[in-house]
Amino acid sequence: MAEASGRRRPKAEDGAEARPKEEGADEPLPLAPQPYPQSAPEDTPLTFGTFGAAATLCPASSSSLSRRRREKGAGPEGAGGALGADRRKSKVWHYYTKLGDAFVECAVCKKQLSFHNSTTTMREHLARKHSIRDAPPRDERGAEHEGHEAKRPRPAESGPRHGDARGEAILELVLEMIVRDLQPLSVVRDEGFGLLLGYLEPGFALPAPARLAGMLRHRYGAARRQLERYLQTAPGLVLCLEPWVSQPGHRYLGVSASFIDAEWRRARCLLETRRAHQDEAEEDLGEQLRAVLAEFGVCSQAVLCVVHDGEQLAAAHGWAGLGCAARVLQRCVEAGLEVPPVREALSGARGIVRYFQHDAKAGGCLSGKLEALNKSQCKLVLDTGSCWGSTMEMCERLLELRWALMAVLEEQPRGAAAPPGLADHQWKLLQELVAVLRTLGIAAAFLREEHNASASALMPCVHGVAAAIGQQAEAAGAAVAAAVGRIRAELRRRWGLEDEEKLLESPAVIASFLDPRFKELRFLSPALRSELHGRLKALLSQTFGHCPPSPGTHPWGPGSGAKTEGAPSPSAYDILLGKDPTESTPEIHRQLENYLVEPLCKRSADPLLWWRSNERRFPALARLSRRYLAVPATAVPPQQAFATGDSALRHRRAALPHEELHQILFLHHNRDLLEAGRSAQRDPR
């Protein structure tokens, strides 16, 4: 029949006739010439089947394999019986499970690989993905076991250990992440963190929180000693107190120090974060502040001022007191917003915002109208009671979307949840109020700038904003005029603008005189300016004497006011012509007079850069400026103090546990300062 059909049987290479294809045998697939064995890429999606193994064999091998299958039948080992010996011979099978004839599964990462009677690909996968290059020794029980379940290796045997350099570097980076991002130490036990670290470093054992706590204490101790040495170089300190509340409701008080270093750079460092009690007396707080200073080796006489709301605290310990500009301004605005007509209008505005935020139908209608007006990006916001900036933003959005809001309210059926709306005179009141709040916002933006962080810019700003909103009140209605009157009264009372004696003793006023931009003191009357000049001369004579002290002495140190020995004796010309009038004026007084005739700097200039360039011309005034220009206008950095909403810093620190809170915050806030100190030591000028 074969001859009749015109076909001939193929012959093998040795001349013998090849066997005819038997029923049920695997049909070999045509392959391109390539080195044996063939392995599929690891990233290729794999499917289960038996064609992969057959595809890698030549036709003769395929026929031989089929013949062996027929001879053995459906035994317990089946098609994998020939591979059982290989599994017992190679140690790599301790890490793999066999899946049929063509695939294996890694016991470490559960990845499926194609198998072609060779363990080369399997070994390369272990070395490349899991850093496992030497398979563990084969135990007798595993050799005799005929199942396909491989033993999972210990991660610690293949990954970095805690003792080696890479393991210690990973631990240090984990701790650095905790400090920078204000995370609790227990973050290492979170499931997501474990998955990420396990993927990046397979086999690395997660550190216990107790181990990280020890590393945190060690880093905190080293940073504290470095900060203690850094504080010894400061010519004077200003203490800043920040009260805040954690999520469980615990009250805390952050104690930070502000100063200007030898290179005329502003520095702010956190000294301590302690639990505070509501009924704690200010006398006890003052003693605790002295104890904190003593721990860092700083004398309490080095403190010039305390930026805190309690004035009695500073006066009881001989320190000058100054309120935080952000908190004082907030209380002044709150007093103005308590005017009954203003309070009622703001209450109605909040009701409108809540209605559109909670009613889905009304919110959808408003969104449709805003899209038609190309104002889909403009959203309503609800103010927070602790920030007047959010109140201004809420009113601005309402005024911008007024007509769309009124149209939706008219279309919606009147129900119990519908807001009463605002009358025309209330809309006008909000418009006038926004104009006043914008002026206050300009003042906040001015104090938020870096070169205005000192209290030297505070008094000119307060005087200017009081005058500006006073002019706006003249053209506003009765309600807004009453609110402005309350705000101005609070500004004058809280910053002592009406008490001349208190005003002249304020460190902010002295700092304004030592600022080359505001030394004219336009916010003072001519009589008060002359009085201040006389007091400054007395202060310079008392602090530095007739000659400026040497750079190594402190202005509050012993004998700082003593006269220099070896004063020159009168010359013959003095006997004939009398004493030289220029010599009768002390050097520090001449410095003051020369400073007064210097031209004013631009308002955008940084006063510290000016003093850095003119320190040699006015040495005594420069030392005094280094102390008073260190007084900040806010107890916290200006960007944080004048923020309109809660920052990530506040949320994260509020969630930290009490046991590790102080150390994490200490390292977080002082990180840049300590790094700058190390850079200055490595590269001294």
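A charge counts as sitting over a ring if NZ of Lys or CZ of Arg is within 6 Å of the ring centre and within 35 degrees of the ring normal. R653 fits the bill, lying over the face of W244 at 4.4 Å from the ring centre. The charged end of K519 does likewise over the ring of Y595, 4.7 Å from its centre. A word on the basis of all this: the model is predicted, local features need pLDDT of at least 70, side-chain atom pairs count only at pLDDT 80 or more, and totals for chains, interfaces and linings use all residues. Residues are numbered from 1 along each chain as its sequence is written, and side-chain values use heavy atoms, with hydrogens and water left out.

Y595 also turns up among the aromatic pairs, where rings of Phe, Tyr and Trp (its six-membered ring) pair if their centres lie within 6.5 Å; planes under 30 degrees apart are stacked, over 60 edge-to-face, and the rest tilted. The structure holds 13 such pairs. In one of them, W93 meets F115 edge-to-face, 5.5 Å centre to centre with 70° between the planes. This pair links distant parts of the chain, 22 residues apart: W93 is in the loop between α3 (81-89) and β1 (96-99), and F115 in the loop between β3 (112-114) and α4 (120-130). Helices (H or I, at least four residues) and strands (E, at least two) are DSSP runs, numbered from the N terminus. Both W93 and F115 are buried, meaning under 20% relative accessible area, with exposed set at over 50% and partly exposed in between (1.4 Å probe, protein chains only).

Y595 and F618 make another edge-to-face pair, at 6.1 Å centre to centre and 75° between the planes. Y595 lies in helix α25 (residues 587-596) and F618 in the loop between α26 (607-614) and α27 (619-628), so the pair ties together parts 23 residues apart in sequence. Y595 and F618 are both buried. Ring pairs join these two with W264, F513, W610 and W611 in a cluster.

Turning to helix α7 (residues 165-181), its 17 residues reach 24 Å from first C-alpha to last, close to the 24 Å expected at 1.5 Å a residue (1.5 Å times one less than the number of residues). Its buried residues include I170, L171 and V174. Just after α7, L182 takes a positive phi of about 55°.

As for disulfides (pairs of cysteine sulfur atoms within 2.5 Å), the count comes to zero. The sulfur of C109 is 3.8 Å from the closest cysteine sulfur, in C106, too far for a bond.
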